[in-house]
Amino acid sequence: MAKRSLILAGGGLKVGFQAGVLQVWLDEAGLTFDHADGASGGCFNLAMYCQGFTGTQIADAWRNYDPFLPMDINLDGPNQFTHQQSFFTYDRFRANMLPRWGIDWNLIRAGQRLGTFNLCNFSKKRLEVVTNAGMDEDRLISAVSLPMWFPPVIINGDKYIDAVYVTDANVEEAIRRGADEIWAIWTVSTRDEWRPGFVSQYFHIIETVADTNFFAIWGRIEKNNQEIAAGRQGEFGRTITQRLLQAEVPVHYIFNFDRARMTESVNQGVAMAREFCRQLGLPLQSPPATGTPAPAKTSLQFTETMRGFIAPAADFQPGFDAGKQQNTKLDVRLTIRTDDVDAFVVDPSHKAAVTGTADSPLLGGKVPVSSGEFNLLVSAQDPRKKEMRYRLLVTDTGGAPHTIVGFKKVEDNGTPAEVFSDTTILYTTLYRGHHPTPTETPADRKAIGIITIHFLDFLAQMTTFRTEGPTLVARTGALTKFTGLFLGKLTDVYGGFLSV
């Protein structure tokens, strides 16, 4: 039988995504592993795994992560700010988060799931791989003690730090233990983007080291498999099946001030892992019902008006220019509504329903939007580039079905006014036929152009926000959560060192 290893790589707070993947791989796909390896932040998930947590329990630990509990500012020692040992300590994390997660070292050490934890012994300048049988709280904290951000941990007189500069995923350990399959979850960014500032460049250094080390060994396995397939020995002497789930996760490595953002990253891991398993043909079981009564929902809605022009053309700007000349306007007045704000803010697709009207000579005049879908500031691959997406089904006055598809492109291009323009300019296409999902083709396109929220319409939009819920606190909280989500997503794009 093939021997299977699980690689829980580092990634700081991005390993919440990793926990969502474990919910699917362990509980829904029913995967079992002969060995699991953890490095840096992945050691948190490995500890819970070795204790016997289900994947859902690991994911829920991060869904319930309180961003204000884990770390505190290091004020100890003389001349702290001129000869600083670290910015933060893990004292509050030890006192608050580990008990909250239910970490039990006796259960971890006696656990039946084999895990290897990677520690860097700074005093002896070497990597130490410790099995779960030899782990304790100090060793776990040392595994995530990034230099400068956290102090080293003293164990038996030696200083220990995060092993990320040596390895952020010890694939070689899995190979040494005879793995025939390696399932790895990678969340360290691989974007080609050099950003200014100390914090950003500190993590660029980590990305350089971690990505280089991981993809080098991953490439060696690929070459080994090619050599064996060609009838040669190969470096490792056996074919090793590779399963890599890689993602750009919209959470900063160490700075997060919103629990909903962490929950969203966990849910992103769930969604991507399910798709990953479907592509592999792995059957998935439905997640078990929690049995907990669903809390009362609170809804939120707002109305926006956009005006512009569309016409047959090759691209958006030429379509706008031709439409303006031909007076083929497109005006829409849309009410965007979510019936459950709590679910909306933690859903990676941030999907809401749309109703309203569309007015254009190309539709025969003003017609109702029979159904529609809106996605708020979602990203495909790069969390620093987001879109607001619209898909509206309408029927023209002659009875012919049409679909209006639009997107607002939100990217940091270095111009001061771009936040307003990015969030108010909708690049729009009118298609023949109803396409509730992206099934339209270029042959279906009837017109293309640009519509915009004008400044006075924007001011009017700010007065249209409405919430409905069981209490005033719930209604006020819904608006706060929506606003926090919106501003947090903009921070991802324009927020300097806090950007993801």
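A residue counts as buried when its relative accessible area is under 20%. The exercises below apply to a predicted model.

**Exercise 1.** Determine how helix α2 (residues 42-51) is placed with respect to the rest of the structure.

*Solution.* Begin with the individual residues: Gly-42, Cys-43, Phe-44, Asn-45 and Leu-46 are buried, as are Ala-47, Met-48, Tyr-49, Cys-50 and Gln-51. The count is therefore 10 of 10 residues, so the helix is largely enclosed by the rest of the structure. Finally, consider what comes after α2: Gly-52 follows, with a positive phi near 105 degrees.

**Exercise 2.** Identify the residues that touch the most other members of the largest nonpolar core, and the helix that gives the most to this core.

*Solution.* The core has 88 residues, and those touching the most other members are Trp-25, Trp-62, Trp-101, Trp-149, Ile-182 and Phe-203. Helix α8 (residues 198-229) gives the most to this core, with 9 residues. A second core, separate from this one, has 38 residues, including Ile-310, Ala-358, Val-367 and Leu-426. Next, take Trp-25: with neighbours within four places in sequence left aside, its contacts include Leu-6, Phe-33, Trp-183, Leu-245 and Phe-276.

**Exercise 3.** Classify Leu-459 as buried, partly exposed or exposed, and relate this residue to the nonpolar surface patch.

*Solution.* Leu-459 has 42% relative accessibility; because partly exposed lies between the 20% and 50% limits, Leu-459 counts as partly exposed. This residue lies in helix α13. Together with Phe-420, Phe-455 and Leu-456, Leu-459 forms a nonpolar patch on the surface, with about 430 Å² of accessible area in total. Helix α13 (residues 455-461) gives the most to the patch, with 3 residues.

Methods:
Residues are numbered from 1 along each chain as its sequence is written. This is a predicted model: local features need pLDDT of at least 70, side-chain atom pairs count only at pLDDT 80 or more; totals for chains, interfaces and linings use all residues. Side-chain values use heavy atoms; hydrogens and water are left out. Patches are made of residues with over 30% relative accessible area and no salt bridge: like charges are joined within 9 Å, nonpolar side chains (Val, Leu, Ile, Met, Phe, Trp, Tyr) within 5 Å. Accessible areas come from the Shrake-Rupley method with a 1.4 Å probe; for residues, only the protein chains shown count as cover. A salt bridge is a side-chain nitrogen of Lys or Arg within 4 Å of a carboxyl oxygen of Asp or Glu. Helices (H or I, at least four residues) and strands (E, at least two) are DSSP runs, numbered from the N terminus. Buried means under 20% relative accessible area, exposed over 50%, partly exposed in between (1.4 Å probe, protein chains only). A nonpolar core is a set of buried Ala, Val, Leu, Ile, Met, Phe, Trp, Tyr and Cys residues joined through side-chain atoms within 4.5 Å. Contact means heavy atoms within 4.5 Å.
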